[in-house]
Amino acid sequence: MARPAIGTILPSSNRVVERTTLALLRDLPGVDACFARIPYAPDGTGQPKDGYDAASYAEAARLLGHAGVAAVCWNGSRGAALGLDADRALAARLAAEAGCPATTAALFAADALAALGARRIAFLLPGRAEEAAAHGAGFAPGGVATVAARGLGCPDNLSAAAVALAAILDAARALAREAAPDAILLWSTNLPGLDAMAPLEAELGIPVLDSAALGVAAALRAAGLGTAALARFGRIFAIP
């Protein structure tokens, strides 16, 4: 029998999703990773501002289907700002094209927040703190309120990948002091937050959700593959 594989669709300007996926799958040596990209330049061009260029995603999913992946995930965070119904529709299209289950990082984030009992969340964003309002609105129908946000001042999507771990840790700590949220979202799949999750959770006592890691967890679950072996990286992998 062929080894199982997860298929990941990521933005063309992303430098972190592949790195995060491969780092996590080192603890799941029997699982392969396959990747495809859609147009999303550093300045955000390549996709409409109010939706998805469905054709580019469909082609990416179709090509991942050629590799016999067990599930496909759009590992991008735009779905929260677009509204999760957009991601539900996208996931249905991806599944049809790839011939397997499909999901997105934002959809799994909503499920994870519910499972963790997080109703008051704080966002750490690569750009401006004001952007949190749109993303928070995507989670609001699930009874989740945004209580704080911080931006790291990155001028574009590509530059987010160069943010230092220390800057992420310091900003997350400040959010925890400021608002005592139930959970903190490191909200960009091009923000290198994997190594921040476990230390911050141990220090702050609350879940810390890295976007790219959420996408990996989403893909594994959609593929019917367990994530308990990854629990050392963060609470999202220990959700039953």
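**Exercise 1. Explain why no disulfide can be assigned to Cys34 or to Cys73 in this predicted model.**

Solution. Begin with Cys34, whose sulfur has its closest cysteine sulfur in Cys100, at 10 Å, which is too far for a bond. Continue with Cys73, whose sulfur also finds its closest cysteine sulfur in Cys100, here at 11 Å, again too far for a bond. The cut-off to apply is 2.5 Å between the two sulfur atoms. The search of the whole structure accordingly gives 0 disulfides. As a side note on the surroundings, Cys73 counts as buried, with a relative accessibility of 0%.

**Exercise 2. Determine which parts of the chain the salt bridge between Arg3 and Asp32 ties together, and state how exposed each partner is.**

Solution. The first step is the contact itself: the closest N and O atoms of Arg3 and Asp32 are 2.7 Å apart, and the cut-off for a salt bridge is 4 Å. The second step is to place the partners, since Arg3 belongs to the segment before strand E1 (5–11) and Asp32 to strand E2 (residues 32–38), so the pair links parts that are 29 residues apart in sequence. The third step is accessibility, where Arg3 is partly exposed at a relative accessible area of 47%, and Asp32 is partly exposed at 29%.

**Exercise 3. Work out which two helices are tied together by the pair Glu203 and Arg173, and then find the network to which Glu130 belongs.**

Solution. The side chains of Glu203 and Arg173 form a salt bridge with an N to O distance of 2.9 Å. Glu203 is in helix H9 (residues 194–204) and Arg173 in helix H8 (residues 165–179), so this pair connects parts that are 30 residues apart in sequence. Both are partly exposed, Glu203 with a relative accessible area of 45% and Arg173 with one of 25%. Turning to the network, salt bridges with shared partners join Arg128, Glu130 and Glu131. Within it, Glu130 and Arg128 meet at 3.6 Å, N to O, and Glu130 counts as exposed, at 57% relative accessibility. In the whole structure, the search finds 11 salt bridges.

**Exercise 4. Describe the largest pocket by its volume, its lining and the helices that contribute to it.**

Solution. Start from the volume, which is about 770 Å³. Next take the lining, which consists of 31 residues, with Tyr40, Arg78, Glu131, His135 and Asn157 lying nearest the centre. Sorted by class, these lining residues are 13 nonpolar, 12 polar and 6 charged. Finally, assign them to helices: H3 (78–82) and H7 (157–160) each supply at least two residues, and H3 has the largest share, with 3 residues.

**Exercise 5. Carry out the analysis for the second largest pocket, and identify the helix that gives the most to its lining.**

Solution. The second largest pocket holds about 170 Å³ of space. It is lined by 13 residues, of which Leu84, Arg88, Ala110, Phe139 and Gly142 are the closest to its centre. By class, the lining divides into 8 nonpolar, 2 polar and 3 charged residues. Helices H4 (84–98), H5 and H6 (132–139) each supply at least two residues, and H5 gives the most, with 5 residues. To complete the picture of H5 (residues 105–115), list its buried residues, which are Ala105, Ala106, Leu107, Phe108, Ala109, Ala112 and Leu113. Just after H5, Gly117 adopts a positive phi of about 70 degrees.

Note on methods. Residues numbered from 1 in each chain as written. Predicted model: local features only at pLDDT ≥ 70, side-chain atom pairs only at ≥ 80, totals over all residues. Heavy atoms only, no water. Buried < 20%, exposed > 50% of the residue type's maximum accessible area, 1.4 Å probe, protein only. Helix = DSSP H or I, 4+ residues; strand = E, 2+ residues; numbered from the N terminus. 1 Å grid on protein atoms, 1.4 Å probe; cavity = no way out; pocket = protein on both sides within 12 Å on 5 of 7 lines; lining within 4 Å. Points joined across faces, edges and corners; volume = space filled by probe spheres on them. Nonpolar A, V, L, I, M, F, W, Y, C, P; charged D, E, K, R; others polar.
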